[in-house]
Structures are given as structure tokens and as C-alpha cells.
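Let's take a walk through this structure together. Keep the picture open and turn it around as you read.

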Amino acid sequence: MELADRAVGFILSLISVTIFTYYTFWVIILPFVDSNHFIHRYFLPQEYAILIPVSAGVALLCFISIFIGYVMLKSKKKKA
Amino acid sequence: MKHIVKIITLLMVIATVWVGLLQTSTIPRSHTWLLPIYCVVSLGCYGLLMVGVGLMQFPTCPQEALLLQQDIIEAKGYLKQKGIDVSVS
């Protein structure tokens with residue numbers, strides 16, 4: 001039904017906008033703010049700004065390669 | 001073969017721009033180091049946003065759905081008449 005589609009689309013766009021603004025703040029704006037400012041409490045330390053996307057990318061690559069390998073093995077077993 | 005050459009040249013251009021930025025330091029250095037990851041994350045975010053917006057704006061055409069259902073019933077009746085069984089089993 002179209003209402004469920006609309007809701008899912010809205011949630012997806014909301015998630016993407018949140019991630020984008022949070023990451024922009026984290027990487028670009030926060031280094032220019034003094035370290036005594038209260039806003040630093042809402043953001044993790046800066047090393048995580050690199051760790052989290054890189055680990056997510058590596059996990060995604062692993063998942064994709066495992067999936068491809070699994071499908072290839074299954075098709076080969078079915079042919080034999 | 002040609003397509004992957006195009007992709008690799010594009011990546012090379014982006015890499016040279018980044019190294020050039022590092023050398024001349026127009027932007028503060030800490031920002032330049034984080035620039036590639038930031039670009040990748042923002043590209044992924046943009047893709048997700050486009051998917052969400054497309055989902056929200058998807059047209060459903062309710063009249064076409066009704067006509068389609070009628071077509072299905074008509075086709076089922078016709079085939080049953082000819083002796084082919086198309087019930088959901």
C-alpha cells in the first residue's frame with residue numbers, strides 16, 4: 001500500500017539527513033570550536049569519525065563477497 | 001574495457017586533486033586528510049536520500065490497478081473455457 005511505502009521512504013530520507021548533518025558537524029565544524037564548549041559532549045572523539053565509516057565499509061565489502069561466494073558455490077553444486 | 005579506463009582516470013583525477021590540496025594547504029591540514037572519507041559518506045547519504053524521495057513520490061495509479069484486475073479475471077475465464085487450469089495452487 002502506498003502509505004507504507006511513503007512511511008518507509010520518509011524514514012529513509014530522515015535517517016540519511018540525520019547522518020549527513022551529524023557527520024558534517026563532526027568532521028568540519030567541530031575542529032573550529034573551543035574544547036571547553038558544551039557541544040563536544042554530544043559528539044564522540046574524533047578518531048571514531050574515521051573508524052566508524054571505514055569499519056562499516058569493510059563489513060559491507062565482506063558481506064558482499066561472502067554472499068557472492070555463497071551464490072557461486074550453490075550454483076556450482078546444483079550443476080554437478 | 002573502455003569503461004573501466006574511464007572510471008580509473010576519474011579516480012586518478014580525484015586523487016591528484018586531493019594530493020594537490022594537501023601540498024598547497026589551502027584548507028587546514030586536518031580537514032584535507034578527512035576529505036575522501038567525508039566525500040564517500042556524503043555520497044552514500046545522497047544515494048539513500050534519493051531512494052527515500054523516490055519511494056515517497058512513487059505513483060500508484062489506482063485506476064490502472066482496477067483495469068488490471070479486470071483483465072486478469074477475463075483472462076482466467078477465457079483460459080478456463082479452453083481447458084487450462086490457472087487457479088493459484
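## Two cysteines, two chains

Let's start in chain B with one residue: B:Cys45 is buried, because its relative accessible area is 8%, and the cut-off for buried is under 20%. Now find B:Cys39, which is partly exposed, with a relative accessible area of 42%. You might wonder how many disulfides the structure holds. Counting over all chains, there are 0 disulfides. As a reminder, a disulfide is a covalent bond that joins the sulfur atoms of two cysteines.

Before going further, remember that this is a predicted model. It comes with an ipTM of 0.72 and a pTM of 0.69. For chain B, the mean pLDDT is 86, and 97% of the residues reach 70 or more. It's handy to keep in mind that predicted coordinates should not be read in detail where pLDDT is low.

Let's zoom out to the whole of chain B. What pattern does chain B follow along the sequence? Chain B reads α-α-α, with 3 helices and 0 strands. Of its 89 residues, 11% count as buried. Chain B exposes about 7,400 Å², and carbon and sulfur atoms supply 73% of that area.

UniProt has something to add here: an unreviewed entry lists "transmembrane region" at residues 7–27 and 33–56 of chain B. Trace residues 7–27 of chain B in the model and you'll find 86% helix and 0% strand, with the end C-alpha atoms 27 Å apart. Residues 33–56 of chain B are 100% helix and 0% strand, and there the end C-alpha atoms lie 36 Å apart.

Over to chain A. Here you can pick out 2 helices and 0 strands. Chain A has 80 residues, of which 12% count as buried. About 6,700 Å² of chain A is exposed, and 75% of that comes from carbon and sulfur atoms.

The record speaks up for chain A as well: UniProt, again in an unreviewed entry, gives "transmembrane region" for residues 7–29 and 49–73. How far apart are the end C-alpha atoms of residues 7–29 of chain A? They are 32 Å apart, and the span is 100% helix and 0% strand. For residues 49–73 of chain A, the end C-alpha atoms are 37 Å apart, and this span is 100% helix and 0% strand too.

Next, look at the loop between α1 (2–29) and α2 of chain A, where you'll meet A:Tyr42. Is A:Tyr42 buried or exposed? A:Tyr42 counts as exposed because its relative accessibility is 60%, and the cut-off for exposed is over 50%. Now look for A:Trp26: A:Tyr42 and A:Trp26 are 16 residues apart in sequence, and their C-alpha atoms are 9.9 Å apart in space.

Last stop: helix α2 of chain A, residues 48–79, which is home to A:Ile64. With a relative accessibility of 41%, A:Ile64 counts as partly exposed. A:Ile64 also belongs to a nonpolar surface patch of about 850 Å². The patch is made by A:Leu60, A:Phe63, A:Ile64, A:Phe67, A:Ile68, A:Tyr70, A:Val71 and A:Met72. Try colouring those residues in your viewer to see the patch for yourself.

Technical notes
Residues are numbered from 1 along each chain as its sequence is written. Chains are lettered from A and ligands numbered from 1 in the order in which they are written. This is a predicted model: local features need pLDDT of at least 70, side-chain atom pairs count only at pLDDT 80 or more; totals for chains, interfaces and linings use all residues. Side-chain values use heavy atoms; hydrogens and water are left out. Patches are made of residues with over 30% relative accessible area and no salt bridge: like charges are joined within 9 Å, nonpolar side chains (Val, Leu, Ile, Met, Phe, Trp, Tyr) within 5 Å. Accessible areas come from the Shrake-Rupley method with a 1.4 Å probe; for residues, only the protein chains shown count as cover. A salt bridge is a side-chain nitrogen of Lys or Arg within 4 Å of a carboxyl oxygen of Asp or Glu. Helices (H or I, at least four residues) and strands (E, at least two) are DSSP runs, numbered from the N terminus. Buried means under 20% relative accessible area, exposed over 50%, partly exposed in between (1.4 Å probe, protein chains only). pLDDT is the predictor's confidence in each residue, from 0 to 100. UniProt positions are given in the numbering used here, feature names are shortened, and annotations may be inferred rather than shown by experiment. A disulfide is a pair of cysteine sulfur atoms within 2.5 Å.
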